[in-house]
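Colleague: I have some questions about how the helices here are described. Can you take me through the reasoning?

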Amino acid sequence: MQEQSQYTEDNIRSLDWKEHIRTRPGMYIGKLGDGSSPDDGIYILIKEVLDNCIDEFVMGAGKTIEVTIKDRTVSVRDYGRGIPLGKVVEVVSKMNTGGKYDSKAFKKSVGLNGVGTKAVNALSSFFRVESVRDNQQKAAEFSAGNLTLEEDLVETTKRKGTKVTFIADDTIFKNYKFRNDYIVRMLKNYCYLNKGLTIIYNGEKFVSENGLKDLLQETIAEDDMIYPIIHLTGNDIEIALTHSKTQYSEEYYSFVNGQNTTQGGTHLAAFKEAVVRAVKEFYNKNFEASDIRKSIVSAISLKVEEPVFESQTKTKLGSTDMGPDLPTVRTFVNDFIKTNLDNFLHKNPEVADALLRKILQAERERKELSGIRKLAKDRAKKASLHNKKLRDCRVHLTDAKNPRSLESTLFITEGNSASGSITKSRDVNTQAVFSLRGKPLNTYGMTKKIVYENEEFNLLQAALNIEEDYENLRYNNIVLATDADVDGMHIRLLMITFFLQFFPELIKEGHLYILQTPLFRVRNKKKTIYCYSEEERVSAIEELKPKPEITRFKGLGEISPDEFKNFIGEDIRLEPVMLDKTSSIEKLLEFYMGKNTPNRQEFIIGNLKVELDKVEN
Ligand SMILES: Nc1ncnc2c1ncn2[C@@H]1O[C@H](COP(=O)(O)OP(=O)(O)OP(=O)(O)O)[C@@H](O)[C@H]1O
């Protein structure tokens with residue numbers, strides 16, 4: 001009753017655009033992470049600005065885009081037509097204002113809502129837009145979406161185009177840092193999808209001549225391919241595919257109107273189905289779909305009119321049709337692949353033979369595994385009922401409707417006290433804990449059978465729920481939380497080996513992380529600072545002068561649950577395990593785990609670098 005009587009006119013608020021974006025940033029730019037994941041909002045900000053430049057390129061205006069990132073200042077310059085000078089302020093600060101609503105030309109663009117730049121503007125502590133046309137320039141500056149400066153029109157000799165500079169607001173994006181490799185990957189993707197476009201990023205030049213073929217070439221090494229990349233292009237569709245010798249699972253890249261749809265959607269579903277159907281028809285055999293798709297490495301790009309995405313971040317296509325009064329996405333993709341893949345296989349019998357051998361091999365392996373798999377599954381089921389290894393959380397990645405699903409995290413720990421501390425201090429909604437019993441098995445050189453036979457791995461696989469495919473992955477973040485001593489490093493290495501060998505996509509798609517834990521605590525009566533490096537320690541001591549107390553943390557087990565909360569809560573620091581080329585998975589494993597390299601192992605354990613791609617071959 002009390003509550004109802006408090007409900008008056010005063011309770012009804014309507015937010016203005018800036019406020020709305022700033023109170024609900026997730027709706028516009030997705031995750032508010034610190035930049036350690038490629039789908040964090042700070043990268044979406046860049047993308048929103050870039051998408052407008054790309055639209056200009058697609059219109060035939062401006063072949064070069066310059067991107068500069070210095071610390072936290074991002075600037076993006078295109079040589080397109082330039083925003084109409086009288087509208088420069090409006091298009092970046094008035095919701096649903098844009099030039100793409102009724103233009104036929106923009107039907108196949110991703111920018112239609114008239115929202116993107118406004119979101120960037122509202123979420124930036126500094127935002128400047130400059131447009132040049134007909135030797136005149138108009139510029140304006142904002143802070144958190146509020147106009148702070150509007151320059152008069154001035155004469156200029158600059159080339160026409162638009163330049164946007166912004167600094168993401170660190171009261172919204174806390175502790176963020178741009179990761180160069182994520183940005184490079186994003187920019188490269190733009191190049192693959194826009195042949196002829198040059199992007200210059202901090203002076204480095206990116207350009208692609210062969211589109212999706214170049215993309216795959218980057219992901220998989222020539223000698224890991226069962227047959228050379230098949231690259232098929234048509235009106236509004238481009239696909240590329242091959243099969244890997246070493247990779248167990250399936251790998252897909254998908255794009256719609258130049259947008260990387262990291263969560264797939266109707267076009268990807270259609271592509272998977274179409275490949276299976278075309279292959280079955282070509283060989284005239286009723287193969288299992290999973291045998292055909294096993295080890296596939298592929299990409300599809302589609303152009304759809306007025307696409308519908310499932311959110312403003314545009315990572316999943318929802319459209320069922322190619323556009324108004326056009327066939328369905330499914331029919332379109334299917335027809336294209338049926339005709340063109342079939343033709344290709346007829347014309348290239350050596351590829352057809354290689355593919356057939358691969359499918360038959362997958363079939364054999366599946367049958368071999370099926371007996372043991374069933375056993376293992378039953379065992380895992382029984383065990384998971386009272387799985388002491390797993391302390392699960394409530395929200396999982398598979399609960400797509402729950403906005404917190406992206407936060408779902410599985411900590412893999414070792415040692416009773418560390419597991420205990422994490423279990424006590426975690427957020428039971430989103431953080432689960434899997435405890436290893438001592439050192440896990442070294443899986444280097446073993447076959448997938450071991451994942452089923454080894455109880456620990458089998459339970460881990462069951463917890464992750466990726467036995468059939470990655471779509472059912474239950475946690476967005478898989479975090480290795482081991483001590484920073486030699487044993488801990490070794491366990492970390494063994495676990496990375498395990499994932500590299502059997503689930504490389506988890507690494508490629510950025511799900512695997514290493515938990516950073518502080519080396520020191522520096523505090524005085526008023527303040528506590530946790531330090532993750534020597535430099536941080538020095539500056540903390542400086543800050544808390546004259547006589548702070550300094551404690552060195554040796555292992556995770558030593559840190560009390562209360563204290564642990566500070567490291568796995570909001571301020572959690574995660575270092576992603578990165579892998580740029582599957583190409584070298586074999587070589588990498590050999591390098592890391594090769595039996596003949598005890599010296600190397602010593603070296604690695606002492607100097608374990610998280611970025612695996614830095615290994616020299
Ligand atoms: N680099 C640019 N060159 C030319 N015009 C631009 C540029 N950036 C923005 N504009 C103009 O500003 C308008 C608003 O851009 P904004 O990013 O806010 O929305 P949008 O691209 O129309 O749609 P979306 O919400 O999907 O991003 C665009 O429609 C376009 O007319």
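Colleague: Which residues are buried in H8?

Modeller: This is a predicted model. In H8, the buried residues are Leu212, Lys213, Leu215, Leu216, Gln217 and Thr219. A residue counts as buried if 20 or more other C-beta atoms lie within 10 Å of its own.

Colleague: What makes H8 largely enclosed by the rest of the structure?

Modeller: The helix covers residues 212–219, and 6 of its 8 residues are buried, so the rest of the structure largely encloses it. The cover includes H7, strand E10 (230–234), E11, E12 and E14.

Colleague: Why are H4 and H7 called roughly parallel?

Modeller: The axes of H4 (residues 41–58) and H7 (residues 180–193) cross at roughly 25°. Angles under 35 degrees count as roughly parallel, so the term fits. The two axes come within 12 Å, and the crossing is right-handed.

Colleague: Which residues make that contact?

Modeller: H4 supplies Tyr43, Lys47, Leu50 and Ile54, while H7 supplies Tyr182, Met186 and Tyr190. By class, 6 are nonpolar, 1 is charged and none is polar.

Colleague: How do you know that the span of H9 agrees with its number of residues?

Modeller: H9 (residues 266–283) has 18 residues, which should span 26 Å at 1.5 Å a residue. Its end C-alpha atoms are 26 Å apart, so the two agree.

Colleague: What do the buried residues of H9 pack against?

Modeller: Strands E11 (237–243), E12 (251–256) and E14 (296–302), plus helices H10 (289–293) and H11 (329–347). Among those buried residues are Leu268, Phe271 and Val275.

Colleague: What follows H9?

Modeller: Asparagine 284, with a positive phi near 55°.

Note on methods: Residues are numbered from 1 along each chain as its sequence is written. This is a predicted model: local features need pLDDT of at least 70, side-chain atom pairs count only at pLDDT 80 or more; totals for chains, interfaces and linings use all residues. Axes are lines fitted to C-alpha atoms, for helices over the stretch in contact, and angles run from 0 to 180 degrees between N-to-C directions. Helices (H or I, at least four residues) and strands (E, at least two) are DSSP runs, numbered from the N terminus. Angles under 35 degrees count as roughly parallel, over 145 as roughly antiparallel, 65 to 115 as roughly perpendicular and the rest as oblique. A crossing is left-handed if the near helix is turned anticlockwise from the far one by less than a right angle, and right-handed if clockwise. Two residues are in contact if their C-beta atoms, placed from the backbone, lie within 7 Å. Ala, Val, Leu, Ile, Met, Phe, Trp, Tyr, Cys and Pro count as nonpolar, Asp, Glu, Lys and Arg as charged, and the others, Gly among them, as polar. The expected span of a helix is 1.5 Å times one less than its number of residues. A residue is buried if 20 or more other C-beta atoms lie within 10 Å of its own, exposed if 12 or fewer, and partly exposed in between; C-beta atoms are placed from the backbone.
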